[in-house]
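Let's take a walk through this structure together. Have a look at the picture below, and then we'll go through it piece by piece.

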Amino acid sequence: MTVIVDTGSDLTWFQCQPCKLCYNQQEPLFNSSASPSYKSVLCNSSTFQALHFDTGNSGACGSNPTSCNYVVNYGDGSYTRGELGSDHLSLGATPVKNFVFGCGRNNKGLFRGASGLMGMGRSESVSLVSQTSALFGGVFSYCLPTTEATASGSLIMGGDASIYKNSTPISYTRMVPNPELSTFYFLNLTGISIGGVALQAQSFASGGILIDSGTVISRLAPSVYKAVKAEFLKQFSGYPPALGFSILDTCFNLSAYQEVSIPTKFHFEGNAVLNVDVTGVFYLVKTDASQICLALASLLYEDEISIIGNYQQKTQRVIYNTKDSKLGFAEESCSFI
């Protein structure tokens, strides 16, 4: 199964036969009735009891009184609905017995032909991280590549750092607990620097900033974004401006320039640093570079949750250690093939 890796949700699910509403996927739909090891999760199970906490929607007993229905809604309006089941899963060459997942019968959204989604959140029951903690110690990491056709990324389960190909040492910051959103990964953002200039802002992320592999563009509090934008415009004062694109409002026409570099760093508690690659700073709207935008966006309100999206995490080894409640960054080229 080809799946989307999402640290911002917990339930892993696949599209299943028979399907009421399924989007087009590249691989055949999973047929649970053809698997001798597939079992339905029962309504009186502890997994069912934990479902409301993990997904934000309480499960319901199906027409078959033993089956446990689930609903998961995502921030972009996508959703999946179906029933919980368990089966034997192979993660690479590693067998995972009695893995609990969603058999999606009604799924809609921006899943781009994937067979489903892998939930890598902090839930203690249904998340893939918690279900495999005996095997991998609650540690996983990924390296997201650039968008070039030849680039390849990786997901590594377990904390064997000898597999990483990082070019800088790993710097760690603690995961900040958020009792109201306990299944998400929050960090303390202490500053942002652009071209070596440390920004002054009212509050970088009071209450913590969410790091999420399933969100594309990072969203910053209006006061922080205002400071970022002002510094960018100051350092890019010699470049011609261009029209905004979608949620991106700071754009330039760089078609006459061969190379533009602007080192951007996110600073976290404990002196951890995320060095944002140039491909994570700029979003190329037009291939001739006549419209290139700062790949960051502003939230509407100060008290909304700030998010570090996957666009800013490219060419980094990002290590999630849920056992020790810490997260690490190191630069890596990400090419595994």
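A word on confidence comes first: pLDDT is the predictor's own confidence in each residue, on a scale from 0 to 100. What you see is a predicted model, where local features need a pLDDT of at least 70 and side-chain atom pairs count only at pLDDT 80 or more, while totals for chains, interfaces and linings use all residues. Residues are numbered from 1 along each chain as its sequence is written, and side-chain values use heavy atoms, with hydrogens and water left out.

So how does the chain score? Its pLDDT averages 90, and 94% of the residues score at least 70. Helices (H or I, at least four residues) and strands (E, at least two) are DSSP runs, numbered from the N terminus. Confidence in the chain bottoms out in helix H1 (residues 46-55), with a mean of 66, and peaks in strand S26 (residues 316-321), at 97.

Now for the overall layout. The domain assignment, which is automatic or taken from a database, splits out domain 1 (3-135) and domain 2 (163-331). Their C-alpha centres sit 31 Å apart. Contact here means heavy atoms within 4.5 Å, and 12 residues from domain 1 and 13 residues from domain 2 take part in it.

The size of an interface is often given as the accessible area lost when the parts come together. Buried area is that loss, taken with a 1.4 Å probe and summed over both parts. Between domain 1 and domain 2 it comes to about 990 Å², with carbon and sulfur atoms giving 47%. On the domain 1 side, strand S1 (3-6) and H1 are the elements that give two or more residues to the surface touching domain 2.

Next, look at a small open sheet. Two strands pair if DSSP finds at least two bridges between them. Four strands line up in the order S18-S19-S23-S22, with antiparallel pairing. Strand S18 (241-242) and strand S22 (282-284) are the edges, each pairing on one side only. S22 meets strand S23 (residues 292-294) over three antiparallel bridges, and Leu284 has Ile292 in S23 as its bridge partner.

Finally, two backbone oddities. The peptide bond from Gln17 to Pro18 is cis, with omega near -15°, and Pro18 is found in the loop between strand S2 (13-17) and strand S3 (30-31). Arg112 has a positive phi of about 50° although it isn't a glycine; look for Arg112 in the loop between strand S8 (94-108) and strand S9 (116-119).

Methods. Buried area is the accessible area (1.4 Å probe) that two parts lose on being put together, summed over both.
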